[in-house]
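Please consider the structure shown here, beginning with its overall division and then turning to a pocket and two helices.

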Amino acid sequence: MRTRVEDVKHHVGEVVTLYLTLDVLRDQKNLQFLLAHDATGKLQLVVDKSSAVEHACVSQLLTGSTFAATGKIIAAAQSKTFGVEMQVLSVEVFSKAQPFPITEASSVDLRFNARVVDLKVPKWQLMLRLRSAFEFACREFALGRGLTELHTPKLMGNASESGAQVFRVGYFDTEAYLAQSPQFYKQMGIASGLEGVFEIGPVFRAEESRSSRHMTEFTGLDVELAWVFETAHVMTFEEQMLRYAFAQLQRFAEEVKTLFGVDLPLEPTATYLSLSEAKRILGEHGMPLGPAQDLPDEGESLLYKVLGCDLIFVSDYPIAKRPFYHQWNREQGVTKSFDLIFKGIEITTGAVREHRYDVLCEQAVEKGVDLASITHYLDNFRYGCAPHGGFGLGVERVIMKLLGLSNVKEAAFVPRDPERLVP
């Protein structure tokens, strides 16, 4: 029966079997010292060459090799591995690793070429566990508030947002598109009568950008809520969701500090601004922006430096900068929409949606959208639809900022960009 490393301290004086991955081997004349780990911790193992017949096989093992070790657990006050170590009686080798082709100091591109090796490093294992916990907490929050989780199609007959930045793929004797967003399907869920829906899934963007903040495939966390009339409702929901999720990451705080050198924002600060207010602040700090300009990447970063708030909600974007399905305030020339900036980078775009069929058609025409091309989308609103709103959040960007990473691709399991389709 298998024992886990974290439990060996309860088995002093007993013989147990562990399934381990090798970290370090020190092969001396009479003894072999192995430092190895499983998912729960590290342990030192001692092989006496005079009694362990497998010592010759052990001497051939390199970092990353996997094996089963059976032996007696003994107290070892000097040991940094739970105050115990194992006196090995027998070893069964599962796999012999080859020399690693990269080190932690290798370039990002080289590391991604050997991503399976890169992910063996403890800090990237931690990233994956923290990312999983973040998504779980957001899902838990949404389900706890009565939302229904959806799994929307990623192959679509029409581009989900615009003809640009969309991947076209062959689909039998026609052409399909990879979904840029689950937006239309989230709204279908609301139109069907659900009071709230969400999805955590892949999003595809055919962007040529090779920046440290863009990928061609990323994980989106999308939410849509019924009976929404103002952006404040949506923004408050997202802030509460993030506060809940960050609080659930408490158990990772010490590890993150040790391996990444940053403090997790377990209780984030937040502020709310209109776009015009954000521009005024930036103008006062040397970055004047015109009425038609959006916030540039540098503006998001500067706004964070000036205000010092983790979460900065910026609302009331001009009609010219937002899609036809956002609700418009024609008198003021703005939309009921917002962006969320987290530690200097945009992680969310959200809005109150236009749910009135005739107004939606009018706005689409004004934006130059051919109504015939969005017939199936418009069908969602022909038969009645509750006022609603929602947002889409980029998971990798959140993880990037939580861990103080310089490249969003490091927050992906296996990243995709314009030049990377393997591994």
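The C-alpha centres of domain 1 and domain 2 lie 47 Å apart. In this predicted model, the chain is divided into domain 1, residues 5–95, and domain 2, residues 108–411.

A pocket connects the discussion of these two domains. The second largest pocket has a volume of about 960 Å³. Its lining comprises 28 residues, and those closest to the centre of the pocket are His37, Lys120, Val121, Pro122 and Gln125. Several elements each give two or more residues to this lining: the strands β1 (15–27), β2 (31–38) and β3 (41–48), together with the helices α3 (115–118), α4 and α7. Where does the second largest pocket lie with respect to domain 1 and domain 2? Both domains give residues to its lining, so the pocket lies between them. In chemical character, the lining residues divide into nine nonpolar, 10 polar and nine charged.

Helix α7, one of the elements that contribute to this lining, spans residues 253–260, and its buried residues are Ala253, Val256 and Phe260. Seen down the axis of α7, these buried residues fall within an arc of 65°, so they line one face of the helix. The face turned away from the buried side of α7 carries Glu254 and Thr258, both of which are exposed. Against which element do the buried residues of α7 pack? Their partner is α4, residues 122–144, a helix that also gives two or more residues to the lining of the second largest pocket. Just after α7 comes Gly261, which takes a positive phi of about 70°.

Helix α9 may be read in a similar order. This helix covers residues 297–307, and within it Gly299, Glu300, Leu302 and Leu303 are buried. Viewed down the axis of α9, the buried residues fall within an arc of 165°, so they line one face of the helix. Glu298 and Lys305, on the other side of α9, are exposed. Glutamate thus appears in both settings, because Glu300 belongs to the buried face whereas Glu298 is exposed. The buried residues of α9 pack against helix α8 (275–284) and against the strands β12 (270–274), β13 (311–315), β16 (337–342) and β17 (345–352). After α9 the chain continues with Gly308, whose phi is positive, near 70°.

Note on methods
Residues are numbered from 1 along each chain as its sequence is written. This is a predicted model: local features need pLDDT of at least 70, side-chain atom pairs count only at pLDDT 80 or more; totals for chains, interfaces and linings use all residues. Side-chain values use heavy atoms; hydrogens and water are left out. Buried means under 20% relative accessible area, exposed over 50%, partly exposed in between (1.4 Å probe, protein chains only). Helices (H or I, at least four residues) and strands (E, at least two) are DSSP runs, numbered from the N terminus. The arc is that of the directions from the helix axis to the C-beta atoms. Contact means heavy atoms within 4.5 Å. On a 1 Å grid over the protein atoms alone, a cavity is a set of points where a 1.4 Å probe fits but cannot get out, and a pocket is an open set with protein on both sides within 12 Å along at least five of seven lines; lining residues have an atom within 4 Å of a point. Grid points are joined across faces, edges and corners, and a volume is the space filled by probe spheres set on the points. Ala, Val, Leu, Ile, Met, Phe, Trp, Tyr, Cys and Pro count as nonpolar, Asp, Glu, Lys and Arg as charged, and the others, Gly among them, as polar. Domain bounds come from an automatic or database domain assignment.
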